[in-house]
Amino acid sequence: MEQHDTAYEPSGKVTAYEGFTRRNNTGEAAFKHFLSVQSKPIAQPSEKQVIIVIGKHRYYNLFSAQLAEVQVSHAGELKNPITILNPIELAWQTQQPEELKFYTAIMKLQNFYEKSATDFMALQSLVNNPFNYAFYLHDSSISEKITSRSIFPVQVSQPAIDFKIQVSLDEDFYTVKGAVKINGSFCPLSRIQLKFDYFLVLDNLWYFSEKQNLMDSIGYFRKQQHDIVLPPDEFLRFNVEVLSQMEDDVPIEHTYLRPASKSQLQQAGFNEEPERLIYLSDMEDYVMLNPVLRYRDKEVSVLSTKPLFIQDHTGELLGVERNKEAEDALMTLFLVQHPDFMEQLESPLPYFYLHKNCFLDENWFLNAFDAWDRQGIKVLGFNELKGNKLNQHKARIHIQVASGLNWFNAEVAVRYGKKKASLTQLHRAVKDKSKYVELGDGSLGILPEEWLRKFESYFAAGTIEEDTLKIPKTNYTVLAELYEQHMLDEQVRQEVAYYSRLLSDVKTIPAVPAPEELQTTLRPYQLQGLSWLHFLDNAGFGGCLADDMGLGKSVQVIAFMLLLKGRPEKGAHLLVVPTSLLYNWKAEIGRFAPGLKLYVLHGADRAKTADSFDSYDVVMTTYGTLVSDISFLRQYRFHYVFLDESQNIKNIASQRYKAARLLQSRNRIVLSGTPLENNTFDIYAQLSFACPGLLGSRNFFRNTYAIPIDKFKDRRSSAALQARISPFILRRTKQEVATELPEKTEVILYCEMGPEQRKIYDAYEKEFREFISASTEEELPKQSVHVLAGITRLRQICNSPLLLGEDGLYSESSAKIEMLLEQVRAVSKTHKILVFSQFVSMLDLIRKELVKEEIKHAYLTGSTRNRGEVVSRFQEDDATRVFLISLKAGGTGLNLTAADYVFIVDPWWNPAVENQAIDRSYRIGQQKNVIAARLVCPDTVEEKILIMQKNKAKLASNLVQSDDRVFRNFSKQDWLGLTKP
């Protein structure tokens, strides 16, 4: 049953030897379970007794253990037959953990046929023997079967086993001897046998040892049968090949060594402080940690008893005292990092260990490694652990923001030890919402959650250029929000304070005089607007001039163009306007700034290249022409690009928006009395053109502002967006700045339908309600075209059933036309009147009635060619009393101050659009009180629209507030709410 290595054969005083191989998987299973086991007394005889039979496996040279039931005589003798018990059946009878382990050990040890890493745990549980069963040894040479004659009682225990090696020098020969102590008593090696790797056997006493490497060393010396005597050369080889493999587990006393002197230590480089290391090794599901001191080229585990020595110039070995102070300091710094380490000090293992899941917990190892690193302790082997790609270093983040020409430049350095993460790698991690940053060596650096959130904001506010994050200066407000003060250099802090102070209130901006060439006198608020545009120009900022309709946005821009003409920078400005306003702008530039050379890029005979643009101060074109000619317009670098009625690019998916974004210019200004019409993306589209980078990417804006504001009506998001954009939007209302304007009165005229018109309306409303009721909540968004068509038909019937254009409708009655004609008859002799409708066909019906009444009128729709002529005739011809205008064609840009009565025939959900129409007459230059009337049919969808208008008006009072998204976000109940139940 013994396993032997080849023994040493003596040759005179010299003994040949074979090299000793230390187990490199020492206790690979042993470290998992350490139980304090004491020897158990043999059970007293009884009529029947359960015993443990140990021995060699029947077929293999491996340890075997079985449970057996045997009859015992009154004299204590065992009697045949002996019955082998099935431990599986017994295991079902207990729930005690130690007993279950015991039965599991029996199951393994009676059947196994090959060695495994779990052998030690099974033997440990067997020796623990929670039932105090007696052990018997089976002698297979007597009988292969277990009988009363072939088994003998033995005692199995787990005592304290110590082994020590002593090396002495006598007459130029080295003598190496080993000594064993069991429970403190010396035991000659000659009396000991080794059984199955784990047991020392002395007579009938079987001693189990959990120190496997110790047992290997004892076995090695046991086979020598005498002391090992070697000459110096042989000893040096023996020391390297054998003793060095044992010294981490066995105390080795070199009695012959004399200590090295200080000069000898200094010469050998041992006078320096030893280097502190922690080695990591992979052990399947566990990680082994070994604290080590490196004395020059010699490494010593602080858990070992390994001696240190050096050779002098004569070849003599000299003892070196280990630095206990340094070892204790290293152990102190090591043990405090995990409570398990302190407990493992009592284990026999020559290393510490942690389960891999626990070890790779970033909340543990990053902090532990960081603490060790700060103390100068190197951790080696981390990236050799199987399945591990993490970088062992904490992220070291340094950010410094400096000022550039048009940008703030944030220099970002994120280091993991010696590895630096590029901004591209960081951005990829943030985009994937992953805290793991892939580094150049393939390892994954861990970005703390707080920095993951910070970098998400950093990237949203700037663009990456190599290893620099470029932040537009228009985004100066985010610097204080996102970056700590120490990250900003002094110039950046001064600039941010400067912009914040002046852009917080237009009145604080230094005034500039109006250009002498301007052929008009600017009102005080218009001069402030000019100063604001001048300030933005000096700062390199774009912006949005969003004054109320009628406050003279065009004259402020014309004055600014004249101001720019006196600057050294040259180049034509591009002015993009709706087709309907070409005449207005041409007339106003000619009137207020005849010195500006204007080229109108419009019509079939327009230029097809930008070659002549340098000869002009202003190139004016329309949105349609911009889209058509963008291929060459994008090649020219304009001085400024001005977009009038910039809500024309509010749809970021439109060709107009895409074409505008392709234009090159030194700066950009947008003009709009209603920059917000439908939802917050209206603002995004216009300001992403005027102030690129201010609002981040589309996805960032959608997630940060659009969804919270438009869908959830989130006030904090709305306030945050307002704070970000307000420095770049200048908006003054008539109530604020034009106190000289007369009073404006708004009224509602209710038009009660006649029986025939009501009958038609009720029939269509019933059909619409049934359609909505039959549709599910999920189907409605897909049927939006049909739903909106239904709402439109109801509105058309409110105007006149004739607008449906359907045969068989026998009613031509219209309560609204009757009410409107009544009003026109009453006031047209002394007042001029504007009539707006969304439906051209409704204007045509009204026109017929005016012709019948012989009331002279003007007519303007999208198809009108001579717009300027039509407008001039109404403004100047006293006989022309009524102006019929389609809301789309005349809702913006026109100056119609000759009128002081405005009728909105068919109110719609967005009051801002209607207010623009009303403001055609209620603008600077108006001397009379203005009365605006909305014609509404009671008990119809129009009354519901009025309620929506009130909500919309509250939200539109600021530039950016939560928006209803009106029909796009309507639920089924909302649609049904527009009709009678």
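These are my notebook entries on a predicted model of one protein chain.

**Entry 1: confidence**

I started with the pLDDT, since the model is predicted. The protein chain averages 86, and 91% of the residues score at least 70. Two stretches made me pause. Residues 1-14 have a pLDDT below 50, and this stretch makes 36 contacts in the model beyond near neighbours in sequence. Residues 25-45 also sit below 50, with 58 contacts counted in that way. I left both stretches there and moved on.

**Entry 2: helix H28 and what follows it**

I looked up helix H28, residues 840-853, and checked its length. At 1.5 Å a residue, its 14 residues should span 20 Å, and the end C-alpha atoms are 20 Å apart, so the two agree.

Which residues of H28 are buried? I found Met-842, Leu-843, Leu-845, Ile-846 and Leu-850. Looking down the axis of H28, I see these buried residues fall within an arc of 160°, so they line one face of the helix. On the other side of H28, I noted Lys-848, Val-851 and Lys-852 as exposed.

Next I asked what the buried residues of H28 pack against. My list has two helices, H26 (784-799) and H27 (815-827). It also has three strands: E39 (833-837), E40 (857-860) and E41 (882-886).

Just after H28 comes Glu-854, with a positive phi. The value is near 60°, and the residue is not a glycine, so I flagged it. Glu-854 belongs to the loop between H28 and E40. Its relative accessible area is 74%, over the 50% cut-off, so I count Glu-854 as exposed.

**Entry 3: another positive phi**

Lys-433 was my next stop. Its phi is near 55°, again positive in a residue other than glycine. I located Lys-433 in the loop between helix H11 (423-431) and strand E27 (436-438). Buried or exposed, I wondered of Lys-433? It is exposed, with a relative accessible area of 60%.

**Entry 4: a cis peptide bond**

I checked omega between Asn-80 and Pro-81 and got about 0°, a cis peptide bond. Pro-81 lies in strand E5, residues 78-84.

**Entry 5: helices H4 and H5**

I then turned to a helix pair. H4 (residues 212-224) and H5 (residues 232-246) pack with their axes 9 Å apart, at an angle of about 135°. That angle makes H4 oblique to H5. For the contact itself, I wrote down Ser-217, Tyr-220 and Phe-221 from H4. On the H5 side, I have Phe-238, Val-242 and Met-246.

**Entry 6: helix H31**

H31, residues 911-918, turned out to be mostly covered, with six of its eight residues buried. The buried ones are Pro-911, Ala-912, Glu-914, Gln-916, Ala-917 and Ile-918.

**Entry 7: Asn-367**

I closed with a single residue, Asn-367, in helix H10 (residues 362-374). Its relative accessibility is 39%, which falls between the 20% and 50% cut-offs, so it counts as partly exposed. Which residues does Asn-367 touch, leaving aside its neighbours within four places in sequence? I found Gln-337, Glu-362 and Lys-394. I also looked at Gln-392, 25 residues away from Asn-367 along the chain; their C-alpha atoms are separated by 9.8 Å.

Note on methods
Residues numbered from 1 in each chain as written. Predicted model: local features only at pLDDT ≥ 70, side-chain atom pairs only at ≥ 80, totals over all residues. Heavy atoms only, no water. pLDDT = per-residue confidence, 0-100. Contact = heavy atoms within 4.5 Å. Helix = DSSP H or I, 4+ residues; strand = E, 2+ residues; numbered from the N terminus. Expected span 1.5 Å × (residues − 1). Buried < 20%, exposed > 50% of the residue type's maximum accessible area, 1.4 Å probe, protein only. Arc of directions from axis to C-beta. Axes fitted to C-alpha atoms, helices over the stretch in contact; angles between N-to-C directions. Parallel < 35°, antiparallel > 145°, perpendicular 65-115°, else oblique.
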